[in-house]
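User: I'm new to this one, so please zoom in on a single topic for me: salt bridges. Take me through a few examples slowly, and tell me how open to the outside the partners are.

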Amino acid sequence: MLTGGPLDVLTGDYLAELTMLILARDRLRDPSLGYARTFLRQMEECLGLAQERGVRIVVNAGGLNPARLAAELRNLAQRQGLTVAVAHVEGDDLLPRGAELDLPEGLLAAHAYLGGFGIAACLDAGAEVVVTGRVTDAALVAGPAIAHFGWTAADLDALAGAVVAGHVLECGAQATGGNYAFFREHDVTRPGFPIAELHADGSSVITKHPGTGGAVTTGTVTAQLLYETGGARYLGPDVTARLDSVRLTEQGPDRVRIDGVRGEAPPPTLKVGLNRLGGHRNEVVFVLTGLDIEAKAALVQRQFADALPPAARPAELRWTLARTDHPDAATEEAASALLRLTARDPDPAKVGRELGKAAVELGLAGYPGFHLTAPPGPGAPYGVFTAAYVDAKAVEHTAVLPDGRRIAVPPAPVTARPAQTEEPAAGEPDLPGDPPAGPLRRGGSGEPPAGPLRRAPLGLVAGARSGDKGGDANLGVWARSEAGWRWLAHTLTVDKLRELLPETAELPITRHLLPNLRAVNFTLTGLLGEGVAAQHRFDPQAKALGEWLRSRHLDIPETLL
């Protein structure tokens, strides 16, 4: 990014729910750690180049220990003969104040999601590098925009536009063709990274450096906008951005304009990410080959139940059979299915030696062809992520400037509790052609395409992007034409989603319509159990949930195909 062309600010998002748990465990071993050491290694190569080119750097790599990372950066600059103004943002770490804020006991980490005004204060004071702890991903872009354009907390539309641009940038190449449903349309062997050209009104153009791979299209930008979001209101500490007001326009090759974004007052509370140890887990995978797969799976489960002493039985035992086998297969692997046993318990002994012993000792008395993918190992601790909410006024958001001065960053002066309903933004219809704020209905210009239907995969006419938010999954689906959007919005109901994805049949599901993006966005509550670190399901972050949905067959109008 530094050598590809002119930049004002280079941002980097190093934190995820799982990363915070990993950094918390680092800090347990060594209190001087807790930051993303990867970033420090990158700066060994790039700090001098960034200063030479006048590019300021804003990252959340400080993790649980931004002050220590800032000190390490100053030491690095000194070793390289550089004088670099380094600042950091802190106040997000609420673990020392857990009792005062009524947080649960036994936490490894508790961090509030801060906004962009602390970053802006650091940049206004001349910082060339700003490191933060837990801020919202979009704050890494909103903060520099606040500093550059002089926005205040009252500039809600502009702030919302920057938040949307920040959300597009936060996952790097996911906005330039990475993880893109229609990946065969572009060369994504080595996609470039996205750039946002921000304007004073909050509008932006998403692009990338010339000559880099991948692509920036309304499709790639839509996919990232739907990633890990929910309804029309995208809540943040500085502003609530209305995703149903976003307009995307292709301005040329690899240039997509984002405008029309409306902002509302942020909520009075800040989200707090809580990480704790949930217990210990282990996994044993049995390979079942050839005929009678179901009977073999049933046999090993009966035998294992007898082999494991009752006193050694873990609190949770889960069996999952993945039918990866094919009839009359040309290779042994293609003829095999996988039976996965997952065990969880607060006591590490319950998922350790006795569990593995019970599995291995079935080897000569079990189903024909008995073997495991690997010898059972000891159990390992797993984490649990949950969210809490605290009054924003109770969080001591602080900018620590390059000269050491500490500036208190006040919370948003005007807040509003988010509306309970998901009504469209004023003047925006539920669907193109429907009356403003009216119900989704058939008839008139709102009617989906008519004519003969053909059974086909949904992915022929729709893209999807999915991800995790704690124990919930987000699944965004978008159409590629107005006719496709009409059909999608009428067809892909909650009931239809449950039918297509049977794993979700018993879960609470919320559906949101985003007509400007031709998209339907679902929140699947509880699909991921206690979050990614708990490894609740085969795809613990729901990364491929959208691709599973796209592979499912349903009746599609031939005119769309």
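Analyst: Let's start with a bit of vocabulary: a residue is buried when its relative accessible area is under 20%, exposed when that area is over 50%, and partly exposed in between, using a 1.4 Å probe and protein chains only. Keep in mind that this is a predicted model, where local features need pLDDT of at least 70, side-chain atom pairs count only at pLDDT 80 or more, and totals for chains, interfaces and linings use all residues. Residues are numbered from 1 along each chain as its sequence is written, and side-chain values use heavy atoms, with hydrogens and water left out.

Searching the whole structure turns up 28 salt bridges, each being a side-chain nitrogen of Lys or Arg within 4 Å of a carboxyl oxygen of Asp or Glu. I'll also mention strands, which are DSSP runs (E, at least two residues), numbered from the N terminus.

Here's one to find: D254 pairs up with K208, and their closest N and O atoms are 3.9 Å apart. That pair links distant parts of the chain, since D254 is in the loop between β10 (247-252) and β11 (255-259) while K208 belongs to strand β7 (residues 204-208), 46 residues apart. How open is each partner? D254 has 26% relative accessibility, so it counts as partly exposed. K208 has 8%, which means it counts as buried.

Next, look at E264 and R242, whose side chains meet in a salt bridge at 2.8 Å, N to O. E264 lies in strand β12 (residues 262-264) and R242 in strand β9 (residues 240-242), so this bridge ties together parts that are 22 residues apart in sequence. Both E264 and R242 are buried.

Now for R454 and E558, which form a salt bridge at 4.0 Å, N to O. This one also links distant parts of the chain: you'll find R454 in strand β20 (residues 453-457) and E558 in the segment after β25 (553-557), 104 residues apart. With 40% relative accessibility, R454 counts as partly exposed. E558 is partly exposed too, because its relative accessible area is 36%.

One last thing: a salt bridge can have company. R233, R242, D244 and E264 are joined into one network by salt bridges that share partners. So when you go back to the buried pair of E264 and R242, look for R233 and D244 as the other members of that network.

How values were computed: Helix = DSSP H or I, 4+ residues; strand = E, 2+ residues; numbered from the N terminus.
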